[in-house]
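Got the structure open in your viewer? Let's walk through it together, one selection at a time.

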Amino acid sequence: MLGEQAESRSALEVRARAILQGAGYERIETPAFEATELFARGVGEATDIVRKEMFTFEDAGGRSLTLRPEGTAPVCRAYLEHGMHKRRQPVKLWYLSSFFRHERAQAGRYRQFWQLGAEAIGSDDPAVDAETIVLLSSLLAEVGVRDVRLRLCSLGSPQTRGEYRERLQAHLRSHESSLAPEVRGRIEANPLRAFDSEHEGTRRVMRSAPRLLEHLDAGDRAHFEAVRELLDDAGIAYEIDSTLVRGLDYYTRTVFEFTSDALGAQSGVGGGGRYDGLIELLGGSPTPGVGWAAGIERMLLASGSSGGTLDSERSRDSGTGSAAAPVELFLARAEPRSAADRRTAFALLCAARSAGLRAQMELGGRSLKGQLSHADALGARYVAIVSERQASLRDMQEGRQEEIASDAVVHAVLRGLRTL
Ligand code: AMP
(Lines give C-alpha, C1' and ligand atoms only; values in the text may rest on other atoms or scores of the structure.)
Protein backbone atom coordinates (compact mmCIF):
# COMPACT_ATOMS: atom_id res chain seq x y z
CA MET A 1 0.00 0.00 0.00
CA LEU A 2 1.54 3.22 -1.19
CA GLY A 3 1.22 6.66 0.35
CA GLU A 4 -1.78 7.96 -1.57
CA GLN A 5 -3.68 4.72 -1.10
CA ALA A 6 -2.91 4.79 2.61
CA GLU A 7 -4.40 8.32 2.73
CA SER A 8 -7.57 7.10 1.04
CA ARG A 9 -7.85 4.17 3.40
CA SER A 10 -7.49 6.45 6.42
CA ALA A 11 -10.17 8.77 5.05
CA LEU A 12 -12.47 5.80 4.54
CA GLU A 13 -11.80 4.60 8.06
CA VAL A 14 -12.79 7.98 9.52
CA ARG A 15 -16.09 7.91 7.64
CA ALA A 16 -16.77 4.32 8.61
CA ARG A 17 -16.09 5.09 12.25
CA ALA A 18 -18.48 8.05 12.21
CA ILE A 19 -21.28 5.95 10.69
CA LEU A 20 -20.76 2.78 12.74
CA GLN A 21 -19.99 4.29 16.12
CA GLY A 22 -22.89 6.66 15.62
CA ALA A 23 -25.08 3.56 15.29
CA GLY A 24 -23.70 2.03 18.50
CA TYR A 25 -20.94 -0.21 17.08
CA GLU A 26 -17.73 -0.62 19.07
CA ARG A 27 -14.33 -1.28 17.50
CA ILE A 28 -12.81 -4.74 17.92
CA GLU A 29 -9.46 -6.10 16.82
CA THR A 30 -8.81 -9.80 16.72
CA PRO A 31 -5.42 -11.49 16.18
CA ALA A 32 -3.99 -11.92 12.68
CA PHE A 33 -4.02 -15.68 13.13
CA GLU A 34 -6.22 -18.16 14.97
CA ALA A 35 -6.35 -21.90 15.57
CA THR A 36 -7.12 -23.51 12.19
CA GLU A 37 -10.01 -25.34 13.85
CA LEU A 38 -11.94 -22.06 14.26
CA PHE A 39 -12.18 -21.53 10.52
CA ALA A 40 -12.59 -25.21 9.66
CA ARG A 41 -15.62 -25.39 11.93
CA GLY A 42 -16.89 -21.83 11.65
CA VAL A 43 -16.47 -21.13 7.94
CA GLY A 44 -17.24 -24.73 6.95
CA GLU A 45 -14.98 -27.60 5.90
CA ALA A 46 -16.51 -27.76 2.44
CA THR A 47 -16.13 -24.09 1.52
CA ASP A 48 -13.52 -22.97 -1.01
CA ILE A 49 -11.94 -20.81 1.66
CA VAL A 50 -11.22 -23.73 3.96
CA ARG A 51 -10.43 -26.23 1.23
CA LYS A 52 -7.87 -24.27 -0.70
CA GLU A 53 -7.62 -20.59 0.20
CA MET A 54 -6.23 -20.58 3.72
CA PHE A 55 -2.65 -19.83 4.67
CA THR A 56 -2.15 -22.54 7.27
CA PHE A 57 1.07 -23.35 9.12
CA GLU A 58 2.33 -25.17 12.17
CA ASP A 59 3.96 -23.29 15.00
CA ALA A 60 6.97 -24.56 16.95
CA GLY A 61 4.66 -26.44 19.30
CA GLY A 62 3.03 -28.34 16.42
CA ARG A 63 -0.28 -26.43 16.61
CA SER A 64 -2.04 -25.71 13.35
CA LEU A 65 -2.61 -21.96 12.89
CA THR A 66 -4.25 -20.02 10.07
CA LEU A 67 -3.96 -16.41 8.95
CA ARG A 68 -7.53 -15.09 9.24
CA PRO A 69 -9.37 -15.40 5.91
CA GLU A 70 -12.46 -13.59 7.22
CA GLY A 71 -13.66 -11.73 10.29
CA THR A 72 -16.94 -13.21 11.49
CA ALA A 73 -15.66 -16.42 13.08
CA PRO A 74 -12.91 -14.56 15.03
CA VAL A 75 -15.42 -11.96 16.26
CA CYS A 76 -17.78 -14.74 17.41
CA ARG A 77 -14.89 -16.49 19.13
CA ALA A 78 -14.09 -13.24 20.95
CA TYR A 79 -17.79 -12.83 21.88
CA LEU A 80 -17.68 -16.26 23.53
CA GLU A 81 -14.26 -15.98 25.09
CA HIS A 82 -15.02 -12.61 26.66
CA GLY A 83 -18.49 -13.50 27.95
CA MET A 84 -20.17 -10.83 25.83
CA HIS A 85 -23.51 -12.63 26.16
CA LYS A 86 -23.67 -10.97 29.60
CA ARG A 87 -23.72 -7.53 28.00
CA ARG A 88 -26.80 -5.79 26.66
CA GLN A 89 -27.84 -7.54 23.44
CA PRO A 90 -27.29 -7.22 20.59
CA VAL A 91 -23.57 -6.60 21.00
CA LYS A 92 -22.51 -4.49 18.01
CA LEU A 93 -18.88 -4.65 16.89
CA TRP A 94 -16.93 -3.32 13.91
CA TYR A 95 -13.45 -3.94 12.61
CA LEU A 96 -11.03 -2.84 9.95
CA SER A 97 -8.33 -5.42 9.47
CA SER A 98 -6.21 -7.24 6.94
CA PHE A 99 -7.26 -10.71 5.75
CA PHE A 100 -5.45 -13.42 3.86
CA ARG A 101 -6.63 -15.81 1.17
CA HIS A 102 -4.53 -17.98 -1.06
CA GLU A 103 -6.23 -17.00 -4.31
CA ARG A 104 -5.07 -16.28 -7.82
CA ALA A 105 -4.16 -12.60 -7.56
CA GLN A 106 -5.75 -10.29 -10.15
CA ALA A 107 -7.23 -6.78 -10.27
CA GLY A 108 -9.38 -6.38 -7.15
CA ARG A 109 -8.38 -9.79 -5.77
CA TYR A 110 -5.33 -10.00 -3.56
CA ARG A 111 -3.77 -12.46 -1.16
CA GLN A 112 -3.65 -9.87 1.55
CA PHE A 113 -6.53 -7.42 1.51
CA TRP A 114 -8.42 -5.19 3.91
CA GLN A 115 -11.98 -5.51 5.03
CA LEU A 116 -14.24 -3.29 7.01
CA GLY A 117 -16.82 -5.35 8.85
CA ALA A 118 -19.72 -5.00 11.25
CA GLU A 119 -21.38 -7.72 13.36
CA ALA A 120 -24.49 -7.47 15.58
CA ILE A 121 -24.70 -10.51 17.83
CA GLY A 122 -27.59 -11.48 20.09
CA SER A 123 -30.82 -10.54 18.31
CA ASP A 124 -32.88 -12.12 15.55
CA ASP A 125 -35.08 -9.06 15.06
CA PRO A 126 -35.45 -8.36 11.32
CA ALA A 127 -34.76 -4.71 12.13
CA VAL A 128 -31.14 -5.67 12.89
CA ASP A 129 -30.77 -7.18 9.41
CA ALA A 130 -32.28 -4.07 7.86
CA GLU A 131 -30.17 -1.76 10.00
CA THR A 132 -26.90 -3.44 9.00
CA ILE A 133 -27.86 -3.29 5.31
CA VAL A 134 -28.80 0.39 5.58
CA LEU A 135 -25.48 1.13 7.32
CA LEU A 136 -23.44 -0.51 4.56
CA SER A 137 -25.53 1.25 1.95
CA SER A 138 -24.90 4.62 3.66
CA LEU A 139 -21.20 3.89 3.88
CA LEU A 140 -20.94 3.02 0.18
CA ALA A 141 -22.80 6.23 -0.68
CA GLU A 142 -20.62 8.28 1.65
CA VAL A 143 -17.44 6.86 0.14
CA GLY A 144 -18.76 7.55 -3.35
CA VAL A 145 -18.85 3.95 -4.60
CA ARG A 146 -20.44 4.19 -8.04
CA ASP A 147 -23.17 2.15 -9.72
CA VAL A 148 -24.06 0.15 -6.64
CA ARG A 149 -26.56 -2.68 -6.76
CA LEU A 150 -27.91 -4.72 -3.88
CA ARG A 151 -29.00 -8.33 -4.19
CA LEU A 152 -30.95 -9.93 -1.40
CA CYS A 153 -32.13 -13.42 -0.56
CA SER A 154 -33.00 -15.67 2.37
CA LEU A 155 -31.36 -19.03 2.96
CA GLY A 156 -33.90 -20.13 5.57
CA SER A 157 -33.01 -22.09 8.67
CA PRO A 158 -30.63 -25.05 8.78
CA GLN A 159 -33.53 -27.50 8.70
CA THR A 160 -35.31 -26.12 5.61
CA ARG A 161 -31.93 -25.62 4.02
CA GLY A 162 -31.08 -29.28 4.70
CA GLU A 163 -34.31 -30.45 3.09
CA TYR A 164 -33.78 -28.14 0.16
CA ARG A 165 -30.20 -29.35 -0.21
CA GLU A 166 -31.42 -32.90 -0.71
CA ARG A 167 -33.87 -31.74 -3.37
CA LEU A 168 -31.11 -29.84 -5.13
CA GLN A 169 -28.70 -32.78 -4.91
CA ALA A 170 -31.33 -35.03 -6.49
CA HIS A 171 -31.74 -32.48 -9.32
CA LEU A 172 -27.96 -32.27 -9.85
CA ARG A 173 -27.52 -36.04 -9.82
CA SER A 174 -30.24 -36.48 -12.39
CA HIS A 175 -28.31 -34.13 -14.73
CA GLU A 176 -24.83 -35.13 -13.68
CA SER A 177 -23.44 -35.64 -17.17
CA SER A 178 -24.15 -32.00 -18.14
CA LEU A 179 -22.33 -30.51 -15.16
CA ALA A 180 -18.82 -29.07 -14.95
CA PRO A 181 -16.38 -31.50 -13.26
CA GLU A 182 -15.85 -29.23 -10.23
CA VAL A 183 -19.62 -28.89 -9.74
CA ARG A 184 -19.99 -32.66 -9.98
CA GLY A 185 -17.27 -33.01 -7.35
CA ARG A 186 -19.21 -30.74 -4.99
CA ILE A 187 -22.68 -32.31 -5.22
CA GLU A 188 -22.24 -33.95 -1.83
CA ALA A 189 -20.26 -31.28 -0.03
CA ASN A 190 -21.63 -27.99 -1.32
CA PRO A 191 -24.35 -28.30 -3.97
CA LEU A 192 -25.49 -24.67 -3.56
CA ARG A 193 -22.30 -23.45 -5.15
CA ALA A 194 -23.52 -24.89 -8.46
CA PHE A 195 -25.50 -21.63 -8.82
CA ASP A 196 -22.19 -19.72 -9.03
CA SER A 197 -20.82 -21.73 -11.95
CA GLU A 198 -20.03 -19.99 -15.24
CA HIS A 199 -20.03 -23.34 -17.08
CA GLU A 200 -22.64 -23.35 -19.86
CA GLY A 201 -24.00 -26.88 -19.26
CA THR A 202 -24.21 -26.26 -15.52
CA ARG A 203 -26.04 -22.97 -16.05
CA ARG A 204 -28.62 -24.74 -18.20
CA VAL A 205 -29.18 -27.36 -15.49
CA MET A 206 -29.47 -24.64 -12.84
CA ARG A 207 -32.19 -22.78 -14.73
CA SER A 208 -34.63 -25.57 -13.89
CA ALA A 209 -33.21 -26.26 -10.42
CA PRO A 210 -35.48 -25.89 -7.38
CA ARG A 211 -35.04 -22.54 -5.60
CA LEU A 212 -34.59 -22.28 -1.87
CA LEU A 213 -36.81 -19.19 -1.60
CA GLU A 214 -39.78 -21.27 -2.71
CA HIS A 215 -39.18 -23.74 0.10
CA LEU A 216 -38.82 -21.48 3.13
CA ASP A 217 -40.92 -22.33 6.18
CA ALA A 218 -43.49 -19.86 7.54
CA GLY A 219 -41.16 -18.36 10.19
CA ASP A 220 -38.33 -17.74 7.75
CA ARG A 221 -40.71 -16.36 5.14
CA ALA A 222 -42.21 -13.91 7.67
CA HIS A 223 -38.70 -12.85 8.77
CA PHE A 224 -37.65 -12.21 5.18
CA GLU A 225 -40.83 -10.27 4.42
CA ALA A 226 -40.23 -8.09 7.48
CA VAL A 227 -36.65 -7.34 6.36
CA ARG A 228 -37.92 -6.42 2.91
CA GLU A 229 -40.62 -4.13 4.24
CA LEU A 230 -38.14 -2.28 6.43
CA LEU A 231 -35.76 -1.82 3.49
CA ASP A 232 -38.64 -0.63 1.30
CA ASP A 233 -39.63 1.90 3.97
CA ALA A 234 -36.02 3.07 4.18
CA GLY A 235 -35.96 3.62 0.40
CA ILE A 236 -33.24 1.02 -0.23
CA ALA A 237 -33.47 -0.47 -3.72
CA TYR A 238 -32.65 -4.17 -4.08
CA GLU A 239 -33.18 -7.14 -6.32
CA ILE A 240 -34.29 -10.49 -4.98
CA ASP A 241 -31.82 -13.02 -6.29
CA SER A 242 -32.78 -16.56 -5.44
CA THR A 243 -29.42 -17.82 -6.68
CA LEU A 244 -27.45 -15.72 -4.21
CA VAL A 245 -25.31 -18.10 -2.23
CA ARG A 246 -22.48 -16.74 -0.23
CA GLY A 247 -19.21 -18.66 -0.11
CA LEU A 248 -19.40 -19.36 3.62
CA ASP A 249 -21.43 -22.13 5.22
CA TYR A 250 -22.61 -20.35 8.32
CA TYR A 251 -25.32 -18.17 6.82
CA THR A 252 -29.01 -18.58 7.72
CA ARG A 253 -32.00 -16.48 6.67
CA THR A 254 -30.97 -13.08 5.22
CA VAL A 255 -28.02 -12.91 2.83
CA PHE A 256 -27.06 -9.90 0.71
CA GLU A 257 -24.39 -8.61 -1.56
CA PHE A 258 -23.57 -5.15 -2.86
CA THR A 259 -21.89 -5.04 -6.25
CA SER A 260 -20.56 -2.13 -8.24
CA ASP A 261 -20.83 -2.02 -12.02
CA ALA A 262 -17.79 0.27 -11.92
CA LEU A 263 -15.66 -2.80 -11.11
CA GLY A 264 -14.69 -5.52 -13.57
CA ALA A 265 -15.09 -9.23 -13.00
CA GLN A 266 -14.58 -8.88 -9.25
CA SER A 267 -17.72 -6.80 -8.79
CA GLY A 268 -18.54 -7.62 -5.15
CA VAL A 269 -17.84 -4.67 -2.88
CA GLY A 270 -19.37 -6.02 0.28
CA GLY A 271 -21.85 -8.50 1.58
CA GLY A 272 -22.98 -10.54 4.49
CA GLY A 273 -25.98 -12.00 6.20
CA ARG A 274 -27.39 -13.69 9.22
CA TYR A 275 -25.55 -16.54 10.96
CA ASP A 276 -27.89 -17.76 13.68
CA GLY A 277 -26.14 -21.11 14.09
CA LEU A 278 -22.53 -19.99 14.24
CA ILE A 279 -22.06 -19.18 17.93
CA GLU A 280 -23.53 -22.56 18.87
CA LEU A 281 -21.27 -24.29 16.38
CA LEU A 282 -18.32 -22.63 18.12
CA GLY A 283 -19.39 -24.00 21.49
CA GLY A 284 -21.73 -21.28 22.82
CA SER A 285 -25.43 -21.41 23.52
CA PRO A 286 -27.70 -20.71 20.55
CA THR A 287 -27.24 -17.01 19.75
CA PRO A 288 -28.34 -15.23 16.59
CA GLY A 289 -26.09 -12.81 14.72
CA VAL A 290 -25.92 -10.79 11.53
CA GLY A 291 -23.15 -8.85 9.84
CA TRP A 292 -21.22 -7.88 6.73
CA ALA A 293 -17.76 -7.25 5.40
CA ALA A 294 -16.74 -4.87 2.65
CA GLY A 295 -13.42 -4.83 0.82
CA ILE A 296 -11.45 -1.61 1.31
CA GLU A 297 -9.48 -1.91 -1.96
CA ARG A 298 -12.67 -2.60 -3.93
CA MET A 299 -14.56 0.29 -2.33
CA LEU A 300 -11.73 2.64 -3.22
CA LEU A 301 -11.45 1.23 -6.76
CA ALA A 302 -15.20 1.59 -7.29
CA SER A 303 -15.18 5.16 -6.04
CA GLY A 304 -12.22 6.07 -8.24
CA SER A 305 -10.23 6.85 -5.09
CA SER A 306 -7.50 4.25 -5.05
CA GLY A 307 -5.03 6.94 -6.03
CA GLY A 308 -5.78 9.00 -2.98
CA THR A 309 -8.69 11.11 -4.20
CA LEU A 310 -11.02 10.24 -1.35
CA ASP A 311 -11.06 13.68 0.12
CA SER A 312 -9.53 13.57 3.56
CA GLU A 313 -10.78 17.13 4.26
CA ARG A 314 -14.39 16.05 3.85
CA SER A 315 -13.78 13.04 6.03
CA ARG A 316 -12.93 15.00 9.15
CA ASP A 317 -14.59 13.31 12.07
CA SER A 318 -17.48 15.55 12.97
CA GLY A 319 -17.46 14.24 16.51
CA THR A 320 -20.89 12.70 16.09
CA GLY A 321 -19.28 9.29 15.80
CA SER A 322 -17.51 9.12 19.12
CA ALA A 323 -18.33 5.88 20.96
CA ALA A 324 -18.70 7.84 24.17
CA ALA A 325 -21.13 10.38 22.71
CA PRO A 326 -24.57 9.77 24.25
CA VAL A 327 -27.55 8.82 22.14
CA GLU A 328 -29.86 11.73 21.35
CA LEU A 329 -32.95 9.70 20.50
CA PHE A 330 -33.78 6.15 21.53
CA LEU A 331 -36.75 4.55 19.81
CA ALA A 332 -38.51 2.21 22.19
CA ARG A 333 -41.41 0.00 21.18
CA ALA A 334 -44.79 0.22 22.90
CA GLU A 335 -46.39 -2.93 24.24
CA PRO A 336 -47.92 -5.10 22.90
CA ARG A 337 -45.55 -5.05 19.95
CA SER A 338 -46.56 -5.45 16.35
CA ALA A 339 -44.86 -5.59 12.98
CA ALA A 340 -46.43 -2.17 12.29
CA ASP A 341 -44.72 -0.44 15.22
CA ARG A 342 -41.40 -2.03 14.20
CA ARG A 343 -41.81 -0.42 10.79
CA THR A 344 -42.63 2.94 12.33
CA ALA A 345 -39.66 2.79 14.73
CA PHE A 346 -37.27 1.72 11.96
CA ALA A 347 -38.46 4.47 9.61
CA LEU A 348 -37.93 6.97 12.45
CA LEU A 349 -34.46 5.55 13.10
CA CYS A 350 -33.46 6.10 9.47
CA ALA A 351 -35.05 9.57 9.38
CA ALA A 352 -33.34 10.59 12.63
CA ARG A 353 -29.93 9.47 11.38
CA SER A 354 -30.44 11.22 8.04
CA ALA A 355 -31.19 14.38 10.03
CA GLY A 356 -27.84 13.98 11.77
CA LEU A 357 -29.11 12.68 15.13
CA ARG A 358 -27.36 9.94 17.07
CA ALA A 359 -30.28 7.55 17.20
CA GLN A 360 -30.76 3.96 18.25
CA MET A 361 -33.71 1.64 18.27
CA GLU A 362 -34.77 -1.23 20.50
CA LEU A 363 -33.45 -4.45 18.92
CA GLY A 364 -33.22 -6.78 21.87
CA GLY A 365 -36.76 -7.90 22.76
CA ARG A 366 -36.75 -6.10 26.14
CA SER A 367 -39.83 -5.20 28.20
CA LEU A 368 -40.78 -1.52 28.24
CA LYS A 369 -39.06 -1.13 31.60
CA GLY A 370 -35.97 -2.90 30.23
CA GLN A 371 -36.00 -0.62 27.18
CA LEU A 372 -36.07 2.48 29.36
CA SER A 373 -33.16 1.30 31.47
CA HIS A 374 -31.27 0.40 28.27
CA ALA A 375 -31.94 3.92 26.95
CA ASP A 376 -30.69 5.29 30.24
CA ALA A 377 -27.49 3.25 30.00
CA LEU A 378 -26.93 4.71 26.51
CA GLY A 379 -27.34 8.18 28.00
CA ALA A 380 -30.33 8.87 25.75
CA ARG A 381 -31.60 12.43 25.97
CA TYR A 382 -34.98 11.61 24.36
CA VAL A 383 -36.89 8.36 24.31
CA ALA A 384 -39.83 7.91 21.95
CA ILE A 385 -42.10 5.01 22.86
CA VAL A 386 -43.46 4.25 19.44
CA SER A 387 -46.68 2.58 18.39
CA GLU A 388 -47.82 2.57 14.78
CA ARG A 389 -48.97 6.20 14.51
CA GLN A 390 -48.51 7.71 17.94
CA ALA A 391 -45.47 8.16 20.13
CA SER A 392 -44.86 9.23 23.71
CA LEU A 393 -41.81 11.43 23.58
CA ARG A 394 -39.92 11.63 26.86
CA ASP A 395 -37.32 14.21 27.63
CA MET A 396 -35.16 12.16 30.00
CA GLN A 397 -33.37 15.21 31.35
CA GLU A 398 -36.39 17.36 32.08
CA GLY A 399 -38.69 14.46 32.94
CA ARG A 400 -41.39 15.79 30.55
CA GLN A 401 -43.48 13.54 28.34
CA GLU A 402 -45.77 14.46 25.44
CA GLU A 403 -48.02 12.44 23.15
CA ILE A 404 -47.36 13.28 19.51
CA ALA A 405 -47.87 11.82 16.04
CA SER A 406 -44.99 9.45 15.37
CA ASP A 407 -44.01 11.28 12.19
CA ALA A 408 -43.44 14.43 14.28
CA VAL A 409 -40.84 12.79 16.56
CA VAL A 410 -37.65 13.69 14.69
CA HIS A 411 -38.72 17.30 14.27
CA ALA A 412 -39.64 17.58 17.96
CA VAL A 413 -36.26 16.21 19.04
CA LEU A 414 -34.36 18.54 16.70
CA ARG A 415 -36.37 21.47 18.06
CA GLY A 416 -35.79 20.36 21.65
CA LEU A 417 -32.02 19.98 21.18
CA ARG A 418 -31.73 23.37 19.51
CA THR A 419 -33.34 25.12 22.47
CA LEU A 420 -30.83 23.72 24.95
P1 AMP B 1 -16.37 -12.27 1.51
O2 AMP B 1 -15.79 -12.36 2.89
O3 AMP B 1 -15.80 -13.28 0.57
O4 AMP B 1 -17.85 -12.19 1.51
O5 AMP B 1 -15.87 -10.87 0.93
C6 AMP B 1 -16.37 -9.63 1.35
C7 AMP B 1 -15.72 -8.53 0.54
O8 AMP B 1 -14.31 -8.54 0.75
C9 AMP B 1 -15.88 -8.70 -0.96
O10 AMP B 1 -17.09 -8.13 -1.40
C11 AMP B 1 -14.68 -7.95 -1.48
O12 AMP B 1 -14.95 -6.57 -1.52
C13 AMP B 1 -13.63 -8.20 -0.44
N14 AMP B 1 -12.72 -9.31 -0.81
C15 AMP B 1 -12.91 -10.65 -0.63
N16 AMP B 1 -11.84 -11.35 -1.07
C17 AMP B 1 -10.96 -10.43 -1.52
C18 AMP B 1 -9.64 -10.52 -2.10
N19 AMP B 1 -9.02 -11.69 -2.27
N20 AMP B 1 -9.03 -9.35 -2.45
C21 AMP B 1 -9.63 -8.16 -2.28
N22 AMP B 1 -10.85 -8.02 -1.75
C23 AMP B 1 -11.52 -9.14 -1.37
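## Stop one: charges over rings

Start by selecting Arg 9 and Trp 114: the charged end of Arg 9 sits over the ring of Trp 114, 4.0 Å from its centre. Keep in mind as you look that this is a predicted model. Next, pick Arg 27 and Trp 94. Here Arg 27 lies over the face of Trp 94, and the distance to the ring centre is 4.6 Å.

## Stop two: the aromatic pairs

How many aromatic pairs does a search of the whole structure find? It turns up four. For one of them, select Phe 99 and Phe 113. The ring centres of Phe 99 and Phe 113 are 6.4 Å apart and the planes meet at 35 degrees, so this pair counts as tilted. The two rings tie together distant parts of the chain, with Phe 99 in strand β5 and Phe 113 in strand β6, 14 residues apart.

Are these two buried or exposed? Phe 99 has a relative accessibility of 2%, so it counts as buried. Phe 113 comes in at 11%, and that makes it buried too, because the cut-off for buried is under 20%. Now add Tyr 95 to your selection: Tyr 95, Phe 99 and Phe 113 make up one aromatic cluster.

## Stop three: the eight-stranded sheet

Time to zoom out and show the strands as ribbons. Strands of a sheet pair through backbone hydrogen bonds, in either a parallel or an antiparallel way. Look for an open sheet of eight strands, ordered β1-β5-β6-β11-β10-β9-β7-β8, with mixed pairing. Its edge strands are β1 (26–27) and β8 (239–240), each of which pairs on one side only. Then select residues 72–81 to bring up helix α4, which packs on the sheet and touches β5 (91–100) and β6 (112–121). The direction of helix α4 makes about 45 degrees with that of β6.

Move along to strand β9, residues 252–260. On one hand, six bridges join β9 to the antiparallel strand β10 (residues 268–274). If you want a spot to check, Glu 257 stands opposite Gly 271 in β10. On the other hand, β9 is joined by seven bridges to β7 (residues 148–154), and these two also run antiparallel.

Now click on Leu 152. Which residue is its bridge partner in β9? That would be Phe 256. Leu 152 also has a bridge partner in β8, namely Ile 240. The pairing of β7 with β8 is parallel and covers two bridges.

## Stop four: the five-stranded sheet

Swing over to another open sheet, this one built from five strands in the order β13-β12-β14-β15-β16, again with mixed pairing. At its edges are β13 (359–361) and β16 (400–405), each pairing on one side only. On average, neighbouring strands here are turned by 20 degrees against each other, direction ignored.

Highlight β12 (residues 329–333) and β14 (residues 382–386), which run parallel and are joined by five bridges. Within this stretch, Ala 332 stands opposite Ile 385 in β14.

## Last stop: Ser 392

Finish by selecting Ser 392, which lies in strand β15 (residues 390–395). Ser 392 has a relative accessible area of 13%, so it is buried. Show side chains and you can pick out a polar contact of 3.0 Å between Ser 392 and Glu 403. Leaving aside residues up to four places away in sequence, Ser 392 touches Val 383, Ala 384, Ile 385, Gln 401, Glu 402 and Glu 403.

Key: Residues numbered from 1 in each chain as written. Predicted model: local features only at pLDDT ≥ 70, side-chain atom pairs only at ≥ 80, totals over all residues. Heavy atoms only, no water. Helix = DSSP H or I, 4+ residues; strand = E, 2+ residues; numbered from the N terminus. Buried < 20%, exposed > 50% of the residue type's maximum accessible area, 1.4 Å probe, protein only. Polar contact = N/O pair within 3.5 Å; in protein donor to acceptor, adjacent residues only side chain to side chain. Contact = heavy atoms within 4.5 Å. Pairing = 2+ DSSP bridges. Axes fitted to C-alpha atoms, helices over the stretch in contact; angles between N-to-C directions. Phe/Tyr/Trp six-rings, centres within 6.5 Å; stacked < 30°, edge-to-face > 60°. Lys NZ or Arg CZ within 6 Å of the ring centre and 35° of its normal.
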